[in-house]
Amino acid sequence: MEKEVKTTCPYCGVGCGVIATVDDNGAVAVRGDADHPANFGRLCSKGSALAETLDLDGRLLHPEIDGCQAGWDEALDLVAARFAETIAEHGPDSVAFYVSGQLLTEDYYVANKLMKGFVGSANIDTNSRLCMSSSVAGHRRAFGSDTVPGTYEDLELADLVVLTGSNLAWCHPVLYQRLAAAKAKRPGLKIVLIDPRRTMTADIADLHLAIRPDADVALFVGLFSHLVSSNAVDQNYVAAHTAGFGDTLLAAGGVSFDDVLERTGLPAMQLREFYRLFSTTEKVVTCYSQGVNQSSSGTDKVNAILNCHLATGRIGRPGMGPFSLTGQPNAMGGREVGGLANMLAAHMAIEDAGDRDRVQRFWRSPKIAEKPGLKAVDLFRAVADGRVKALWIMATNPVVSMPDADAVEAAIRACPFVVVSDILKETDTARHAHVLLPSLGWGEKSGTVTNSERRISRQRAFLAAPGEARADWWQLAEVGRRLGHTDAFAYEAPAAIFREHAALSAFENAGSRDFDIGAYADLALEDYDGLTPFQWPQRQGQKRAESRFFAAGNFYHADGRGRFVAVRPAETDRTNADYPFTLNTGRIRDQWHTMTRTGKSARLSAHIAEPFAELHPRDAMEIGVGNADLIEIESPEGKAFVRALITERQARGSIFAPMHWNDQFAAKARIDVLVPPITDRLSGQPASKNIAVAARKF
Ligand code: SF4
């Protein structure tokens, strides 16, 4: 008998609904879920190839200690004992978790609870730090909370969609399909793409602004001034609902139109046209993604964008608002449970004594982290210099994906005790583990994820657990129990964790916090099984989401007002005589992260089979490189070897290279070895773009 299960795609932050069908022989087929409000039946190439990635080749099926198969009890006893010893001898901050936006919310919740509430440290950070933490910091500065104000539908309702630092066509393909369909139906919908590279997204854009890397602050500060001078400011909204307009206007006054031209490198006509479109169109959505976030000025870029939407009052109304698009399937869910080192659960603030007290009482925990923990780059620095002596890595491959990846690998190799929970036996990171714990993969695990529009959906199991693989939340809870916290970690199923998470979101929350799903605090098991996708908030006694935020103010700062932030453009050119090119890293359409899953599909790998770097034809000519030549790219941090792809899509002086390939697929092609450990001062997000490099024929 064929079995059909509704679940959610495990890749990007669009969070598409998937229907998986398992036939009598165990063969799996997937199709888009026509009822899911994120995709209405659509899937992209990665989502539709999911069934091709489910084989057990390379799977980790049993716990291992120092490379030898072990039982669960033996492995978990060892993990608990080594963490307990390390904490007893060196204190709570001598241990750390590095987790992932691939985890389900229930996994994330238990990890965060264990580290912040029972170990008593906030040393839990996530690969989502690399993805969207500048948006979190920008949201918190402007709104007083990490709130995405709008919904996907706004892209279809808008008259102008601005895509900045976002290759929607490849990185959020189903959202791109929705936008392209809306434009085909209503050609008057204008699309502006802001990106140094002419990406595939440019194919539907009316205007492509090939901006210099990291010049976004100047661009949006200039836009802010233009909105003022063209009388496009909504004076009533600004007066009633915001603070800080005057200071921001003063700061913007120091940036002239000519300054913007010089910093962005844009032609005056294009810049004027963008400013005209934005100031004269009421329904504007500005989407931003890694091109904005992955920068040493990422938070300022976010606030420069938010300033323009606050000034025009174009926020939280149909077809209007700033829109942060998250990269991963559950970066948002991680944020909701406090999966970042500088946040507490349920969008509460770790710096706030009242919030800490509230969470501690709810958890009945013996101690609670009193200060923010180490953010990803600093966390691995602390592993390198010995401050962190026991590290648990879950569902991520930092030896490939972290900046300064060679240094990160050296740090993990030298760490006295490393636990890795993964579905694969041999990853670039797993090879350095003292204890390997087999986790459940997509199709085997159950829980929830939250997509970029605050929509919570179920991932459901439709395959049996292979070998002895177990859920990540179970592994964490077992260690929690072994550390002596029996009651706090007595979960038997993800539904119980979800209920607790929902109850915490509503605990002593009389509307003072944005994230509230208290309506689900008493969810029955069968209702969890049948949970249909919903957007938060869903407060107790009010099981209907407000689908948008801030149209009538009601921000989460104490005075209820949104904040303008007076940002100033920073110097952005990092090139010099030794490293004359600017490298921007990114992703391609058909691979996901470090390819541990998508690399299994021959169909996906056929899209682009080898690691590559795009160069402009004149740059290629100057360094004597022809198409498909092997080139060496070098930064002060390391070297990578990839094929040259010569294309006029690339701006002169800059190189684009995807971050996916790991040593198992191509030797010495890890692009993140080139990325310096430079971070945004507020968010701690690494600058994975605008990197000074040299390039030469190999
Ligand atoms: Fe999956 Fe994203 Fe593609 Fe949707 S757009 S199918 S969530 S990868």
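**Exercise 1. Between which domains does the ligand lie, and why?**

Before we start, note that this is a predicted model, in which local features need pLDDT of at least 70, side-chain atom pairs count only at pLDDT 80 or more, and totals for chains, interfaces and linings use all residues. Residues are numbered from 1 along each chain as its sequence is written.

Step 1. Find the domains, whose bounds come from an automatic or database domain assignment: domain 1 (3–53), domain 2 (66–128 + 331–479), domain 3 (132–325) and domain 4 (581–697).

Step 2. List the shell: 14 residues surround the ligand, the closest being Cys-9, Cys-12, Cys-16, Cys-44 and Gly-47. A residue is near a molecule if its C-beta atom, placed from the backbone, lies within 6 Å of it.

Step 3. Conclude: domain 1 and domain 3 both give residues to this shell, so the ligand lies between them.

**Exercise 2. Describe how domain 1 meets domain 4.**

Step 1. The centres of the two domains, taken over C-alpha atoms, are 30 Å apart.

Step 2. Six residues of domain 1 are in contact with nine of domain 4; contact means C-beta atoms, placed from the backbone, within 7 Å.

**Exercise 3. Judge the overall fold of the chain.**

Step 1. The radius of gyration, over C-alpha atoms, is compared with the globule rule, 2.2 Å times the number of residues to the power 0.38.

Step 2. The protein chain has 24 Å, close to the 26 Å that the rule gives for 698 residues, so it is as compact as a globular protein of that length.

Step 3. Its C-alpha atoms fill a box of roughly 70 × 65 × 55 Å along the principal axes.

Conventions:
Contact = placed C-beta atoms within 7 Å.
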